Amino acid sequence: MIELQGIKKIYRMGSQSLEALRGVSLQVKKGEFISIMGPSGSGKSTLMNIIGCLDTPTAGDYTLDSDRVAGLSFDQLAAVRNRKIGFVFQNFNLLPYATAWENVELPMLFNGKNARRRKERVTQLLNAVGLYDWRGHRPTELSGGQQQRIALARALANDPPILLADEPTGNLDSRSGEEIMDILTELWKGGRTIVMVTHNDHISARSQRIVRLFDGLVLP
Amino acid sequence: MNLTLPRFFWNEYRKRRKKAALITFALFWGTLSILLLLAFGQGMSAQFRISFSGLGQTLIMITGGQTSLSFEGLPKGRQIRVYREDIAYLRERIPEILVIAPESYNNWPASAGGKEVNRGVHGTTAEFALLRSQVPQMGGRFINADDVSQGRKVAFLGWSVARDLFGPADPVGKQIVLNRVPFTVIGVLKKKLQDSMYQGPDADQIYLPFSSFSMIDNQRYIDRLHIQPREAGQSKLVEERVRVLLGRKYRFDPADRYALSVWNTIEDSKEALAIFKGIEIFLGLIGALTLLIGAVGVTNLMYALAKERTKEIGVKLAIGARRRVIVQQFILETMFIFAKGTFWGFITAFNLVHLIRLVPVNYESFGIEAYLLRPVFSLQIFVVYVIILGVLVFLSGIFPALRASRSNPIESLRYE
């Protein structure tokens, strides 16, 4: 499903350059649940952004769902993000002025699904995360756990095969965190590929495999 | 047509309406002030023109004077007068003269209905009406050629004289006694703005047929000749030829500027026109600068609005919004805000201008209100304004939008 081959990422700031990834190779099979772990500055966020097509590698090959990502245009990358990847962020990143319903609906607005199908899907997803009754509320009116459940529903809107979770429980209390992890585990059992970044051992224990990054390299 | 995205844009705009309120107001205020500024400027300029032509358009007025140069052995300081015969004399010799009319003047008591006032009384001919913008009020007329040839005892009154002697009643057909000779009133001057004059405003004068005037006045020479050239551009030429011809006849140096006193309103009006142009250019410049300041302000606000939305744009890009969607949304929002602010500015300015125009103007005081209370709303100016500001606002919307849509989604997501 995900194949990274010798991925390098170099950030340039003026004359300074920082090598965030120094040749990472990684394979994630379809239906796998992996955790990426590592201390701050080890490059896990950079790796996550590259997997998520939010950023492009300086060197190396990336194949996603048997398509090569290199050479895709900005809008083509946007389309990949829209259909193949669902994002869950540490700080939820919901649109503050939009209701729970509208936040979940958003990804479907960008690929032209018709109103009836959108309505069906949003209803289904909000019921699945148990927040249908909260559909008219704005993010600020919801708890952190509720917000992250809305974010999860949004990530699943276009039924993407891959779910990327960047510290999904980082801003939550342990009970809400557990709830989110339960949902993620269920999704994995339903056949979805999940890549999660965390530095919490307790959380990473839920995954099948742990990939450890250090200083821009995968530890063997 | 798929209306999903437009509906989504509209929905988002409505939720952000309050934040855009400041920009909407800025556009409203800018539109209002520029339109009012230019409306008052245009109105002032137009009123200046009207009042300038209150005395008469393209007019040369010639009065006798005193020589200041000795000529052919004659000493300086001689009195020069213009006589009745000079009218035919000049008309025959200067083909560029379109109309020529005499005017003589005296100050006589005028009485009617038991009231008596002292007013300037003028003897002149029918052509004077055209030369000096003497338009009668409804139901009356100015002196005509028959009045002059038959020496009729008829009088044309300025509106102040009419009011002073007859009150609100219509004086046409009534009797008025001038210098103990009875005259019949045939007309009253229509109110006009007049900013230049020689014996007080026309509102205070009484006009008689030249022949009738001469019968009761014992002055042989005439006080003033009024000449209108065929074309305004010939005024200087006509003036010089009059000096040469009368100089030959009455033996003075044509170069002697004091032998004849000449008031050439065409030459004056060239100056006045330059002043009007100056006023208009000045106001246009102020308008342009205001526009620029307004555009800078709007650009700034738009930019701040875009900046504030950086994170939101990052989120949208992350979940798969194409670049075009982001840009479209910005431009539609910008243009909508622009249309809204401009529309209300236009409505307010239009109504204010027309309300102000309803205030009556007092034609007798020649106060500032005559110039200020007649603003002119110009649709052309509005159209030009909308085009210029529209382009500026469009640019101020598109640059932040392009910047936002090109930004790296990760950086936008990190933005706080």
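Visitor: At what angle do helix 3 and helix 4 of chain A pack?
Guide: Keep in mind that we're looking at a predicted model. Helix 3 covers residues 100–109 of chain A and helix 4 covers residues 115–128, and their axes sit 10 Å apart. The angle between the two is about 125°.

Visitor: Is helix 3 of chain A parallel, antiparallel, perpendicular or oblique to helix 4 of chain A?
Guide: The packing angle is about 125°. Perpendicular, roughly, would be 65 to 115 degrees, and roughly antiparallel would be over 145. The angle fits neither range, so helix 3 of chain A is oblique to helix 4 of chain A.

Visitor: And which class of residue, nonpolar, polar or charged, is absent from the contact of these helices?
Guide: Helix 3 of chain A brings Ala100(A), Trp101(A), Val104(A), Glu105(A) and Met108(A). Helix 4 of chain A answers with Arg118(A), Arg121(A), Val122(A), Leu125(A) and Leu126(A). By class that makes seven nonpolar and three charged residues, and the class with none is polar.

Visitor: Which residues does Val104(A) touch, leaving out those up to four places away in sequence?
Guide: Val104(A) is among the residues that touch the most other members of the largest nonpolar core, which has 97 residues. Three of its partners were named above for helix 4 of chain A: Val122(A), Leu125(A) and Leu126(A). The full list is Val122(A), Leu125(A), Leu126(A), Ile150(A), Ala153(A), Arg154(A) and Ala157(A).

Visitor: Which element gives the largest share of the side of chain A that touches chain B?
Guide: The contact takes 20 residues from chain A and 19 residues from chain B. On the chain A side, the elements giving two or more residues are helix 2 (74–84) and helix 3. The largest share, six residues, comes from helix 2 of chain A.

Visitor: Over in chain B, is Gln194(B) buried or exposed?
Guide: Gln194(B) lies in the loop between strand 6 (181–188) and strand 7 (205–209) of chain B. Its C-alpha atom is 4.5 Å from that of Ser51(B), although the two are 143 residues apart along the chain. Counting neighbours settles the matter: 20 other C-beta atoms lie within 10 Å, and 20 or more is the mark to reach, so Gln194(B) is buried.

Visitor: What percentage of the residues in chain A is buried?
Guide: Chain A has seven helices and 10 strands. The chain runs to 220 residues, and the buried part is 47%.

Notes: Residues are numbered from 1 along each chain as its sequence is written. Chains are lettered from A and ligands numbered from 1 in the order in which they are written. This is a predicted model: local features need pLDDT of at least 70, side-chain atom pairs count only at pLDDT 80 or more; totals for chains, interfaces and linings use all residues. Axes are lines fitted to C-alpha atoms, for helices over the stretch in contact, and angles run from 0 to 180 degrees between N-to-C directions. Helices (H or I, at least four residues) and strands (E, at least two) are DSSP runs, numbered from the N terminus. Angles under 35 degrees count as roughly parallel, over 145 as roughly antiparallel, 65 to 115 as roughly perpendicular and the rest as oblique. Two residues are in contact if their C-beta atoms, placed from the backbone, lie within 7 Å. Ala, Val, Leu, Ile, Met, Phe, Trp, Tyr, Cys and Pro count as nonpolar, Asp, Glu, Lys and Arg as charged, and the others, Gly among them, as polar. A residue is buried if 20 or more other C-beta atoms lie within 10 Å of its own, exposed if 12 or fewer, and partly exposed in between; C-beta atoms are placed from the backbone. A nonpolar core is a set of buried Ala, Val, Leu, Ile, Met, Phe, Trp, Tyr and Cys residues joined through C-beta atoms within 7 Å.
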